[in-house]
Amino acid sequence: MDRTRSMKFGDDEPETKGNVTVVCRFRPLNQKEKDMNDKPCVDFGSDGKTVVVKSQYENQGPQTFNFDIVFNPDSTQNSVYEGAAKPIVESVLEGFNGTVLTYGQTSSGKTHTMTGPDMDDINQKGIIPRMVKTVFSHIENCDDTLEFAVKVAYCEIYLEKIRDLLKPEKNNLKISEDKARGIYIVDLTEEYVSNEDEVYGLMKMGQKNREVGFTNMNEGSSRSHAIFSLTVSQTNTRDLSAKSGKLYLVDLAGSEKVGKTGAEGKRLDEAKNINKSLSTLGLVIFSLTDGKSTHVPYRDSKLTRVLQDSLGGNSKTMLIITCSPASYNEAETVSTLRFGIRAKAVKNKPKVNKEYSVAELKLLLSQANELINKKDTRIIWLEKHFIEIGGTIPADIEGEELKEETLASTQEYQEVMGILESEKQKLVDEMELTASLKQEISIYNAKNDNLLRENENLNSKLMDLIFTMNEIEDKLNDSKEECLKVKAKGESQEKQIKVLEDSLKFQERKIEEQNQEISRIPIEFIPVAEKEHLLKEIKELKIRYNAQEEILKASYTKILDETNESFKDKFAEKFSGNTPNFQEMAHFLELERESWTTEHKNLLSDLENKKSIIEELENDKEQSRLVYEELEKNRAENDQKLKDKVNNLEKNLEQLTVSYQVLGTKYQNSKSEIKIREGKILQCRDKINKMEKIMRKQAEEINELKAKLEQLEAVKTGKTGEPTGRAGHAKIKKGIKGGGGNSRVRCILNMNDYPVVNKPTPNLD
Ligand SMILES: Nc1ncnc2c1ncn2[C@@H]1O[C@H](COP(=O)(O)OP(=O)(O)OP(=O)(O)O)[C@@H](O)[C@H]1O
């Protein structure tokens, strides 16, 4: 085989209605590829449907791939939306299920295409924000006989677990299947929305919760498959017909070669998981297209199970494959393109998800009646004409004709009965749904009761806590008071010490003054022996009161001078005008000596007294100091104890405050949870009431219809004379088509306002 021969893929696939549509988008070279001096390895055909990969490998010729559309790197977000996604969104608005999937190598532009780098940027926003606009504009422009309910859900599949991105605490949701809903994710949050902003809000919230990581190829790489779903239900308020379409917008995680992306540890686990679920997706597509497989391995991964209807089932599906144009990524690009070509061959069976309305059934019946009437008139005219021209109507011809008529009518009857049967079946399903809803309500009620009980418990715990807190607060106040008392005691002790210190100082000052007084005694006139004794004593005093020596000296000199002068005066006064004799002088001196000796003794005893006072005071001072030290010590100890006590109390208080806050938050959460659940229960009750009302109404209508059918049957079998269909015919209204008008359309805001979808009720009798 010539390996350099050019190859073509996808061009001979016949255009088949229902096949998965595949478009391909190439992004521009990114900075990393430019830095590597990489060159594009692809050329784009002028028809907008072809891409040619020019291989860098010698033994590989150019490979041409054909798709429904090929978007080159210059394509805008808007052109991709208009060309690839919008037709699917429009189908959903007609009541089909739709899926748009992005598939490609990591960093090839899946998220860029699906969401866009900035949802608020008019040019840069991706498919999801643009789709939202299409949906709400359509609703705005519809006839006001159509009522819509739009709800969205957002989840991701990460490491084979389904996580609700609108309530991320729900992180391991299950997949289930039933007749009414098909394949669905159990307990996935579905929010009713009434405008674009609400959808954007939910999207932004979901994106924040999405698992995103770093690979060598993409800093913000999506490590999970993200599934955004939007369900549009519409009811015609005139004929009560209803239809609903569900749109899945799936941004798959990027396939990658782990060696190239440098994945390790957690990233490696993620990569292995992503690659595993993507290869299951490849296997599902292979099994659906190889024409031999009897088993399609939908259940081998969560992704393929959720997408079961989108691949080979009831859905219009668009696959957008995203690629890098760089030669560095040639192998991955070729593999992605081959995947796309394979997927093109998947055949789906999309159908409008429609509910027959009673009015539509009535219309069918009236059409049948009209046909019978026409034929009756014609038979009567023919019989009359035949008899007029002399003919007779053989009994067997009449019998044959009647047989044929009866056969045709029986077929019509069987068709109508078939429809009725299928409607009955739907009703049975509806009844089952109602029963399961009732069961759900009883579960909610039980949960509600539990929550109420929990709430009561929490309340009583809260009360206990408040009580304990009050107690602690009281204790804290007591401790504070105690603290203040000890402080006041300390202060008064300090004051006492101060008073003692002051009095000590005062005493010291007094002693000093007395010492000074002593030092003022004149010694010149004291007899020598006495004088020497006195001087000795004064000397001793001088030594004892060393600090006062200088003062003493100064005052001594001063006193000496003064005393000298006074003695001179005294002497001059005593002996004025006379020259004293020796005896008189000796007597005078003796008297003076005696008076000085007495004074000196007095002074000495005074000094002794003061000395003892000083000693006493010094003792007192020492005592006070000891008491003061003791008090200081006690005070420091008490202070420390109190400090510790206050610290402990503060710590306790802090802990209690935290627990109080936690309990408070729990209490609030439980309250809001209860409110939400109560709201849901009310919504469900309301819905059930409405459904029951409609079921009763429809049961009556079906009974009416049945009666009419019986009459019709009777007419067909000739059991009654006049066909009652004529009378019924005048009452049947024509069905009214919705859409096309410009009047404003009511949008359903919540479960309570959810339009009643027409569900025929089985005859309960
Ligand atoms: N068509 C484009 N035009 C301009 N920039 C683009 C285009 N496609 C992708 N990019 C940019 O390339 C980078 C990677 O794109 P994106 O995150 O969409 O890749 P991805 O396929 O989702 O990757 P992963 O699988 O790792 O999540 C982003 O910075 C994005 O803005």
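Gly counts as polar here, along with the other residues that are neither nonpolar nor charged, while the charged class is made up of Asp, Glu, Lys and Arg. With that sorting, the shell around the ligand in this predicted model comes out as 1 nonpolar, 11 polar and 3 charged residues.

Who sits closest in that shell? Of the 15 residues around the ligand, the nearest are Thr106, Lys110, His112, Ser221 and Ser222. Two elements, α3 (110-114) and β14 (218-222), each put at least two residues into the shell. The backbone gets involved too. An oxygen atom of the ligand has a backbone N or O atom of Gly109 at 3.0 Å, and for Gly254 a backbone N or O atom lies 3.1 Å from a ligand oxygen. Ser108 joins in with a backbone N or O atom at 3.2 Å from an oxygen atom of the ligand. As for cover, the ligand on its own would expose 630 Å², and the protein buries 77% of that.

Just along the chain there is a backbone oddity. Most residues other than glycine have a negative phi. Ser107, though, has a positive phi, near 70°. Ser107 belongs to the loop between β7 and α3, and with a relative accessible area of 16% it is buried, because the cut-off for that label is under 20%. Leu159 does something similar, with a positive phi near 50°. This residue is in the loop between β8 (146-158) and β9 (161-164), and its relative accessibility of 37% makes it partly exposed.

On to the rings. A pair of aromatic rings is described by the distance of the centres and the angle of the planes. The count for this model is 3 aromatic pairs. One of them joins Phe26 and Phe44 edge-to-face, with 5.2 Å from centre to centre and 75° between the planes. Phe26 comes from strand β2 (residues 21-26) and Phe44 from strand β3 (residues 42-44), so this pair ties together parts that are 18 residues apart in sequence. The two rings' residues differ in cover: Phe26 is buried at 1% relative accessible area, whereas Phe44 is partly exposed at 30%.

Tyr103 and Phe339 make a stacked pair, 3.8 Å centre to centre and with just 5° between the planes. Here the link spans distant parts of the chain, since Tyr103 is in strand β7 (residues 98-104) and Phe339 in helix α9 (residues 330-344), 236 residues apart. Both Tyr103 and Phe339 are buried. Another ring, that of Phe96, has a charge for company: Lys316 lies over its face, 4.3 Å from the ring centre.

Two more side chains round out the picture, both from strands. His225 is part of strand β15 (residues 225-236) and is buried, with a relative accessible area of 3%. What does the His225 side chain make a polar contact with? The partner is the side chain of Ser277, at 2.8 Å. Lys246, in strand β16 (residues 242-251), is partly exposed at 23% relative accessible area. Lys246 is 13 residues away from Ser233 in sequence, and their C-alpha atoms are 8.6 Å apart in space.

Conventions:
Residues numbered from 1 in each chain as written. Predicted model: local features only at pLDDT ≥ 70, side-chain atom pairs only at ≥ 80, totals over all residues. Heavy atoms only, no water. Near = heavy atom within 4 Å. Polar contact = N/O pair within 3.5 Å; in protein donor to acceptor, adjacent residues only side chain to side chain. Areas by Shrake-Rupley, 256 points an atom, 1.4 Å probe, with all protein chains shown as cover. Helix = DSSP H or I, 4+ residues; strand = E, 2+ residues; numbered from the N terminus. Phe/Tyr/Trp six-rings, centres within 6.5 Å; stacked < 30°, edge-to-face > 60°. Buried < 20%, exposed > 50% of the residue type's maximum accessible area, 1.4 Å probe, protein only. Lys NZ or Arg CZ within 6 Å of the ring centre and 35° of its normal.
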